[in-house]
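This briefing walks through a structure in a few grouped topics, with short lead sentences followed by bullet points. Please keep the sequence and the model open side by side while reading.

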Amino acid sequence: MSQAVARARRAQHRTSPNPKVGCLIVANGVVVGAGVTRPAGGAHAEIVALQAAGERARGADLYVTLEPCCHHGRTPPCTDAILAAGIRRVFVGVADPNPIAGGGMGQLRAAGLTVEEGIEGAACAELHAPFFRFITEGRPWVVLKAAVTLDGRIATPDGASRWITGPEARKDAHRLRAWADAVLVGGTTARLDDPALDVRHVRGPNPRRVVADPELSLPPTAKLLGPGALILHGADPDPIRARALAATGAELVVVKRSGRGLDPHAMLRSLAERQVVSLLVEGGGRLHGSLLNAGLVDEACVYIAPRLIGPGRPVADLPAVASVADGFALENPTWMRLGCDMRVRGRISRGLVQEAPCSPA
């Protein structure tokens, strides 16, 4: 099962809104078939592995990170293919929370197969956490990403931020982009940095580019615009500006306002409706603070540079707390050195007292 998890993690393609499942078929202690779910509309991991195994699947064991589906969707049920192939035993990492696709284990047991659940359950649950969030809450899994100085600044007071971190950290951040379905930035960040939001430093698919721009103030020359880009904005925009932005090929979506910006819950719902399962948020501080305060950040990945710049823009615009324990913390964070910089990554928790030891990535 650990091999199935590793294969899914290494696969350099996206499967959203389907989960990226890993599957191995083992006969007499030898792997005879392996597969990872193909892009949406393509074969599921079990089918890919069964096709690779062929007749060697008869009497073999199947290991899969997520419960096999038993419904007709874009593809036929995986349970039917497993039974037809003559698989003897099925080992499942975690159950499928999708009420439409779940129930595969019960169907296989009813057909007489031995089925065991919870194999490498923690690793499989971590692998499929974005999909679980998408299915159970109707929103993407949100990873907050930032490059900060030792004094916690993401930019100077006027917004200059190139470059806080070195090339190794920036390359690692592009790997995160390649993993995510979409990358979201605030309107101010988009105007000041003019990011392309692509993965030019690594191999992998470019994410969908999204900007939260309440006043629709982004210039039509912005690098992130073009076909596939998404602009979330408030109601009643200037029609001339809206037409200019739409002419680039970008999609404009009205989102409910909240305070000075857009409602964070409404933003994530709009993205989920467009099948965004994993979302990378790259600032600025107001957007980070809005999502944190709403309890909508699942994970943070922060690159820390050995620099001090004094007054500047904070990583997150947050209200004051009464004590350190009332703030946000990373659960069991991992650390990695990247050139002269350090990366810290972990699940976000509020009010967490960090007692567990940190570990290298």
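Immediately after helix α2, glycine 54 adopts a positive phi of about 60°. The model is a predicted one, and the values below are computed from its atoms. The helix that ends before this glycine packs on a sheet, and the points below go from that helix to the sheet, then to a loop residue and the cysteines.

**Helix α2 and its surroundings**

- Helix α2, which covers residues 45–53, is mostly covered, since 7 of its 9 residues are buried.
- The buried residues of α2 are Ala45, Glu46, Ile47, Val48, Ala49, Leu50 and Ala53, and they pack against β1, β2, β3 and also α3 (78–85).
- Helix α1, made of residues 2–10, lies across β1, β2 and β3 (61–66), and its direction is at about 140° to that of β1.
- Helix α2 packs on the sheet as well, where it touches β1, β2 and β3, and its direction makes about 140° with that of β2.

**The sheet**

- An open sheet is formed by 5 strands in the order β2-β1-β3-β4-β5, with mixed pairing.
- Its edge strands are β2 (30–36) and β5 (114–117), each of which pairs on one side only, and the twist from one strand to the next averages 15°.
- The antiparallel pairing of β1 (residues 22–27) with β2 extends over 6 bridges, and within this pair valine 26 stands opposite valine 31 of β2.
- In the parallel sense, β3 pairs with β4 over 5 bridges, and leucine 66 has valine 94 in β4 as its bridge partner.
- Between these two strands the chain crosses from β3 through α3 to β4, in a β-α-β crossover that is right-handed.
- Strand β4, residues 89–94, is mostly covered, with 5 of its 6 residues buried.
- On to the edge, β4 and β5 run parallel and are joined by 4 bridges, with valine 90 opposite valine 115 in β5.
- A right-handed β-α-β unit is made by β4, helix α4 (residues 104–110) and β5.

**A buried loop residue**

- Threonine 165 is found in the loop between β7 (153–155) and α7 (167–179).
- Although it lies in a loop, threonine 165 has a relative accessible area of 8% and is therefore buried, given that burial is assigned under 20%.
- Leaving aside residues up to four places away in sequence, threonine 165 touches Ala147, Arg170, Tyr303, Ala305 and Asp341.

**Cysteines**

- How many disulfides does the structure hold? The count is 0, and two of the cysteines illustrate the reasoning, for which the cut-off is a sulfur–sulfur distance within 2.5 Å.
- Cysteine 78 has its closest cysteine sulfur in cysteine 69, and because the two sulfurs are 3.7 Å apart, they are too far for a bond.
- The relative accessibility of cysteine 78 is 0%, so this residue counts as buried.
- For cysteine 340, the closest cysteine sulfur belongs to cysteine 301 at 18 Å, which is likewise too far for a bond.
- Cysteine 340 has 64% relative accessibility and therefore counts as exposed, whereas cysteine 78 counts as buried.

Methods. Residues are numbered from 1 along each chain as its sequence is written. This is a predicted model: local features need pLDDT of at least 70, side-chain atom pairs count only at pLDDT 80 or more; totals for chains, interfaces and linings use all residues. Side-chain values use heavy atoms; hydrogens and water are left out. Buried means under 20% relative accessible area, exposed over 50%, partly exposed in between (1.4 Å probe, protein chains only). Two strands pair if DSSP finds at least two bridges between them. Axes are lines fitted to C-alpha atoms, for helices over the stretch in contact, and angles run from 0 to 180 degrees between N-to-C directions. Contact means heavy atoms within 4.5 Å. A crossover is right-handed if, with the strands pointing away from the viewer, the path from the first strand over the helix to the second runs clockwise.
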